[in-house]
Every structure is written in structure tokens, then in C-alpha cells.
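Work through the exercises below with the structure in view, and try each task before you read its solution.

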Amino acid sequence: MDVEQNEGDKVNLQKMGALIILALMPVLGNTEVTVKLYEEAIATDDKGAKESILLYLSGLSHGLEWSNAMNKDNPLYCQPGKLALTTSNYVNLLNDEIILHRNYALKDPTYSVDDKPLGLILLRGVMNTFPCD
């Protein structure tokens, strides 16, 4: 193995370690990834943390899509038929929903979005964006 390959392996191991820690956080800490953790990961200079949280968000979005597909008679949200959402679209939906919750918190100081589960906020985001009228 040459030096470049070793450095690449080191970076891949660091990414894998970050992914494993992020994936196990809900199990080990008996908690979910929160809005606060999401915002901290997105704001950091740590590329691995950003990639990990985006991978987590991608998993959440796929879970919502599968859940919706399995409940065709009573969908959670009504995404237009041929519209394919990307992780970037879900980031925008999530960020918009977080802003809505922060604005609500201005009216109700007892409310905080920081401790809310990321999956719940994402679900509210897709439900608000693609309501079933």
C-alpha cells in the first residue's frame, strides 16, 4: 500500500466511524437526532459530521416515502406524482419547517424546536408542503 491509499483508508474509516456513532446515537442514548444536533452538524467545519447528518436525513426521507407508499388509502402527505425529491429538497423542506417552528417559539416562549426529533420536523415539513386536500 502506498501513502495515498493509506490516507484514503484513514478518511474512509473516519467517515465510517462517524456514521456508526450517528446511527447508534438513538439506540445508545435512547434518544433521537434532534434539530439542535442537526443544526450543529450542518454548521460545523467537520465534513464527516455534515455527511453523516445528511445520510441520516436521507434515511429519514426514504422512510417517509416508504411509509407513504404503504398507506395509499390514507397518505401522510400528497407529493405530486412525478416529482422526485432529492436530499437537497428535503434539506430545504426541513430548514423551512424549522424556521416556522422558530417563529412559533417567538409567540410562545415555552416552546423550543431544538429538542424536537428531526424526523418529526421533517414529517411536518412534507405534510405542510404537500398537504392532502
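**Exercise 1.** Find which residues have the most contacts inside the largest nonpolar core.

*Solution.* A nonpolar core is a set of buried Ala, Val, Leu, Ile, Met, Phe, Trp, Tyr and Cys residues joined through side-chain atoms within 4.5 Å, where buried means under 20% relative accessible area with a 1.4 Å probe, protein chains only. The largest such core has 22 residues, and Tyr38, Tyr90, Leu94, Ile98 and Val126 have the most contacts inside it. Two or more of its residues come from each of α2 (35–43), α3 (47–70), α4 (87–107) and α5 (118–129), helices being DSSP runs (H or I, at least four residues) numbered from the N terminus.

This is a predicted model, in which local features need pLDDT of at least 70 and side-chain atom pairs count only at pLDDT 80 or more, while totals for chains, interfaces and linings use all residues. Residues are numbered from 1 along each chain as its sequence is written, and side-chain values use heavy atoms, with hydrogens and water left out.

**Exercise 2.** Check the span of α5 against the value expected at 1.5 Å a residue.

*Solution.* The expected span is 1.5 Å times one less than the number of residues. The twelve residues of α5 should therefore span 16 Å, and its end C-alpha atoms are 16 Å apart, which agrees.

**Exercise 3.** Identify which residues of α3 meet α5.

*Solution.* Taking contact as heavy atoms within 4.5 Å, Tyr56, Leu57, Leu60, Ser61 and Leu64 in α3 meet Leu118, Gly119, Leu122, Leu123 and Val126 in α5. Those five residues of α5 are among its buried ones, and the cover over the buried residues of α5 includes α2, α3 and α4.

Notes. Buried means under 20% relative accessible area, exposed over 50%, partly exposed in between (1.4 Å probe, protein chains only).
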